[in-house]
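Here's a quick walk through one protein chain, going from its overall dimensions down to a few single residues. Have the structure open while you read.

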Amino acid sequence: MEAQSKKFSGKVAFVTGGGSGIGRATALAFAQAGASVAVIDIAKSALDETVAAIEAAGGKALGIKCDVTKSDEVQAALNKTVETFGGLDAAFNNAGIEQPVGLLADVPEDLWHRVIGVNLTSVFLCMKYQLEIMLKNGKGAIVNTSSGAGVTAIQGQAVYCASKFGVTSMSKAAAIEYAGQNIRINALCPGIIDTPMIGRFTHNTDEGRERMIAQEPVGRMGRPEEIAGAVLWLCSDDTAFMTGHALVMDGGQTAGM
């Protein structure tokens with residue numbers, strides 16, 4: 001497996017939402033950089049595809065089907081990761097879902113609970129049990145996927161914003177709590193990235209894509225691999241002095257907000 005760097009050789013990474021999009025790109029990037037990767041997703045077929053891609057390139061991967069909104073499944077996935085690979089060095093809590101555009105008063109309560117559960121509660125659960133492992137190891141790095149919607153409000157996205165602002169603020173608070181114990185926690189805030197989620201949001205139409213691209217000053221969507229590169233940077237020793245930060249990568253979308 002060719003790689004520009006083997007900075008994660010001998011390390012173990014845990015990636016949620018690893019079946020597609022940013023999660024898949026990041027799992028592949030970790031493996032390319034030498035890590036053994038636990039790939040977590042609720043969709044078994046997508047999960048298997050990511051694992052197969054890693055193994056075909058000579059990397060080490062463990063696929064675990066998991067509903068990250070359920071405490072027992074999260075704990076089981078982490079336990080299996082440690083049993084298989086011997087530890088946990090880096091975690092990317094990335095699983096998430098979108099909210100259909102709509103006014104707050106029109107949001108069904110079940111949609112609220114679903115978005116908050118997948119986007120925010122899952123990050124809480126993953127961090128809670130990842131931290132237990134990292135505290136025993138005396139080190140670790142965690143990156144949580146927030147969003148541009150986690151640093152600025154977006155009309156028609158009140159529930160999604162609530163979930164992502166929650167990820168941003170929870171990451172910052174936890175970072176302060178564990179800064180003195182050699183565990184770093186940062187949030188990553190992507191803008192419009194060309195993923196299956198954006199495909200659903202745009203209904204996979206040229207018109208929908210053009211509307212999204214028009215919001216980006218750089219004139220294009222981001223690529224999952226670009227976000228993956230930032231995740232690995234945040235988990236590497238290159239950012240050993242960075243914790244409690246919300247790194248915005250959005251092509252300038254929120255620069256003027």
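What follows covers the whole chain, then one helix pair, then some loop residues.

**The chain as a whole**

First things first: this is a predicted model. The protein chain has eight helices and seven strands. Put a box around the C-alpha atoms along the principal axes and you get roughly 45 × 35 × 35 Å.

How does the radius of gyration fit with a compact globule? For 257 residues, such a globule would come out near 18 Å, and the protein chain has 17 Å, so the two agree. Burial can be put in numbers as well: 51% of the 257 residues in the protein chain are buried. On the outside, the protein chain exposes about 11,900 Å², and carbon and sulfur atoms supply 54% of that area.

As for contacts in the protein chain with a separation of 6 or more, 70% of them come from residues 24 or more positions apart.

**Helix 3 against helix 4**

Now for a pair of helices. Helix 3 spans residues 71-85 and helix 4 spans residues 109-137. Their axes come within 9 Å and cross at roughly 35°, and the crossing is right-handed. Which residues of helix 3 and helix 4 make the contact? Helix 3 brings Ser71, Val74, Gln75, Leu78 and Val82, while helix 4 brings Leu125, Cys126, Tyr129, Gln130 and Ile133. Sorted by class, that contact has seven nonpolar and three polar residues, with no charged ones.

**Some loop residues**

On to the loops. Gly102 belongs to the loop between strand 4 (90-93) and helix 4. Is Gly102 buried or exposed? Neither, quite: Gly102 has a relative accessible area of 23%, so it counts as partly exposed. Leaving aside residues up to four places away in sequence, Gly102 touches Gly156 and Gln157.

Val218 is in the loop between helix 7 (206-213) and helix 8 (224-235). With a relative accessible area of 52%, Val218 is exposed, because the cut-off is over 50%.

Gly244 lies in the loop between helix 8 and strand 7 (246-249). Again not counting residues up to four places away in sequence, Gly244 touches Lys172, Ala175, Ile185 and Asn186.

Here are three C-alpha to C-alpha pairs that involve these loop residues.

| Pair | Apart in sequence | Apart in space |
|---|---|---|
| Gly102 and Val51 | 51 residues | 36 Å |
| Val218 and Val115 | 103 residues | 29 Å |
| Gly244 and Ala57 | 187 residues | 34 Å |

One backbone detail is left. Asn182 sits in the loop between helix 5 (158-178) and strand 6 (183-190). What is the phi of Asn182? Asn182 has a positive phi of about 65°, although it is not a glycine.

Definitions and conventions: Residues are numbered from 1 along each chain as its sequence is written. This is a predicted model: local features need pLDDT of at least 70, side-chain atom pairs count only at pLDDT 80 or more; totals for chains, interfaces and linings use all residues. Side-chain values use heavy atoms; hydrogens and water are left out. Axes are lines fitted to C-alpha atoms, for helices over the stretch in contact, and angles run from 0 to 180 degrees between N-to-C directions. Helices (H or I, at least four residues) and strands (E, at least two) are DSSP runs, numbered from the N terminus. A crossing is left-handed if the near helix is turned anticlockwise from the far one by less than a right angle, and right-handed if clockwise. Contact means heavy atoms within 4.5 Å. Ala, Val, Leu, Ile, Met, Phe, Trp, Tyr, Cys and Pro count as nonpolar, Asp, Glu, Lys and Arg as charged, and the others, Gly among them, as polar. The radius of gyration is taken over C-alpha atoms; the globule rule is 2.2 Å times the number of residues to the power 0.38. Buried means under 20% relative accessible area, exposed over 50%, partly exposed in between (1.4 Å probe, protein chains only). Accessible areas come from the Shrake-Rupley method with a 1.4 Å probe; for residues, only the protein chains shown count as cover.
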